[in-house]
Amino acid sequence: MARPRLQYRCSACDGTAARWAGRCPACGEWNSLVEEADAPAAGASSAWWEQDPGDFRRGAASPDGARVLALVDVDPNACLPRPTGLGELDAVLGGGLLPGSVTLLGGEPGVGKSTLLLQVLLAVARQGHEVLLVSAEESAAQVRRRAERLGPLPAGLKLLPTGDLSSLPDAWREGPPELVVVDSVQAVFDPATGGAPGSLGQVRACTDLLVSLAKHHAAAFVLVGHVTKEGALAGPRTLEHLVDTVLSVEGDRHHALRTVRAVKHRFGPVGEVGLFEMTDAGLAAVTDPYRLLLGDRRPGAPGSAVLPGVEGQRALLVELQALTAPSAGDAPCRRSAQGVDAGRLALLIAVLEQRAGVRLTRTDVFASAVGGIRVTEPAADLALALAVASAVRGRPLPPDLVAFGEVGLGGEVRAVPGAPRRLAEAARVGFRHALVPSSCPDGPPGMEVIHARSIGEAVALACSVPEGA
Ligand code: TYD
Ligand code: MG
């Protein structure tokens, strides 16, 4: 049997190194290498890759008894997703949770991960199924108090209030659960593995264990994962590779709106977004997003532009705001971006200066997406740039104008996907003008489409559309 070997694994990029170093040779991160034993699993000497290849030629079965199948003989309906009972979440997942799958639900502390999953557990248990919550962060009494706020308690909801995963396999002896939620993957531990809960080795070992339990018992597992300030899942990136689906819950703690997105999904589309509102009785599906997103908008105020955004299949209007002010003294200019990409904002400021003659030197620029929503698509460039230009010039954009398009470094306005959906949603909500890339098709009746080839042209056009025309 091979001797256990020591190696070092980077907690930032998950790369390995034979020797310890202060800086990861792969990604350059400082102090990120952690020692781990690279020991072969028990009985590894009989692992299939070490066996005599002759055994395979003689027709020995593969270790897990798998057989080659003709794809046409496979029943595509053998394993279908099961609805969670939360329609917005099911839409993101493409129908629901698949038995035997493992989903990682990431998000910042306090965003509502535990609340959302408790609602899922309650909904599935109310359909008459057995479900289990492994609560490593909250006591049994805390979970009960939270659950009571969310409605009547079904008998099928079971609780394992511990972080010790060695007792988890016992759960299948009586009433095997169809859905298991582990809150959180950074707080559970496997006593057979060294290291503190949350350490690289523990997170990997626990995830491995949970993935094999899910596959073995054909139960759906959902793991809560904490997210660092930078937005990455705390722990190795491999965590994302080990699971089937990665969902991300986002939202500003000071706003009610929460979005749930599929970042990775082996069984369906990514990019779909579910909209929830945090209420006194947990997370509720948002039926009228514009009450939260455009409800307090002051049409005609400088620095405000409306973007018809697209997330997955859904088009959603979002107000982007900018405020500019002279920089104080010799201090460097401040650039602040909330809900919009800071790098993109810096780029657009430079493009406005160099390509559209909008002066922003010695000017502080603050930009935000209203309502606690996060806008990441490049299609937001044009609306964001117009909000900044409108703010610095003190000239409001027409109140019934929307704008979308990617802005290139040459100042050109580029085509983006989903133009018809964006125009249709803007028209439905009552907007009458759309400033768009030159290749964009015509809009629906009642919507005037104004083509802009460059950012300079767009800034000039946006200020010349007569108000209320
Ligand atoms: P929580 O689910 O504990 O967040 P996470 O697990 O992501 O850390 O949500 C915490 C917040 O949600 C907390 O500020 C209280 C609030 N909340 C409500 O507003 N309504 C509710 O019904 C519940 C259960 C929580
Ligand atoms: Mg929690």
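**Cysteines.** I began with Cys-440 in this predicted model and found that, at 8% relative accessibility, Cys-440 counts as buried, because the cut-off for that class is under 20% relative accessible area. I then looked up Cys-206, which is buried as well, with a relative accessible area of 0%. Having two buried cysteines on the page, I searched the whole structure for disulfides, and the search came back with zero.

**Whole chain.** For context I noted that the protein chain has 469 residues, of which 46% count as buried, and that its secondary structure comes to eleven helices and 21 strands. I also looked at how far contacts reach along the sequence: among those between residues at least 6 apart, 65% join residues at least 24 apart.

**Asp-183.** I next turned to Asp-183, which I located in strand β7, a strand that runs over residues 179-183. What charged partner does the buried Asp-183 have nearest to its side chain? The nearest side chain of opposite charge is that of Arg-146, at 6.3 Å, and Asp-183 has no salt bridge; a salt bridge would need a side-chain nitrogen of Lys or Arg within 4 Å of a carboxyl oxygen, so the distance to Arg-146 does not qualify. I did find a polar contact, made by the side chain of Asp-183 with the side chain of Ser-114 at 2.7 Å. Leaving out residues up to four places away in sequence, I listed what Asp-183 touches: Ser-114, then Leu-133, Val-134, Ser-135, Ala-136 and Glu-137, and also Val-224.

**Ala-367.** My next entry concerns Ala-367, whose place is in strand β16, residues 363-369. Ala-367 is buried, with a relative accessible area of 3%, and I recorded its contacts with the same exclusion of residues up to four places away in sequence: Gln-321, Ala-322, Ser-336, Ala-337, Gln-338, Val-340, Leu-345 and Leu-384. I also checked Leu-323, which lies 44 residues from Ala-367 along the chain, and found that the C-alpha atoms of the two are separated by 6.5 Å.

**Helix α11.** Last, I asked which residues of helix α11, residues 455-462, are buried. The buried ones are Ile-455, Ala-458, Val-459 and Ala-462. Because these residues cover an arc of only 100° around the axis, I could place them on the same side of α11.

Key: Residues numbered from 1 in each chain as written. Chains lettered and ligands numbered in written order. Predicted model: local features only at pLDDT ≥ 70, side-chain atom pairs only at ≥ 80, totals over all residues. Heavy atoms only, no water. Helix = DSSP H or I, 4+ residues; strand = E, 2+ residues; numbered from the N terminus. Buried < 20%, exposed > 50% of the residue type's maximum accessible area, 1.4 Å probe, protein only. Lys, Arg positive; Asp, Glu negative; His and termini not counted. Polar contact = N/O pair within 3.5 Å; in protein donor to acceptor, adjacent residues only side chain to side chain. Contact = heavy atoms within 4.5 Å. Disulfide = S-S within 2.5 Å. Arc of directions from axis to C-beta.
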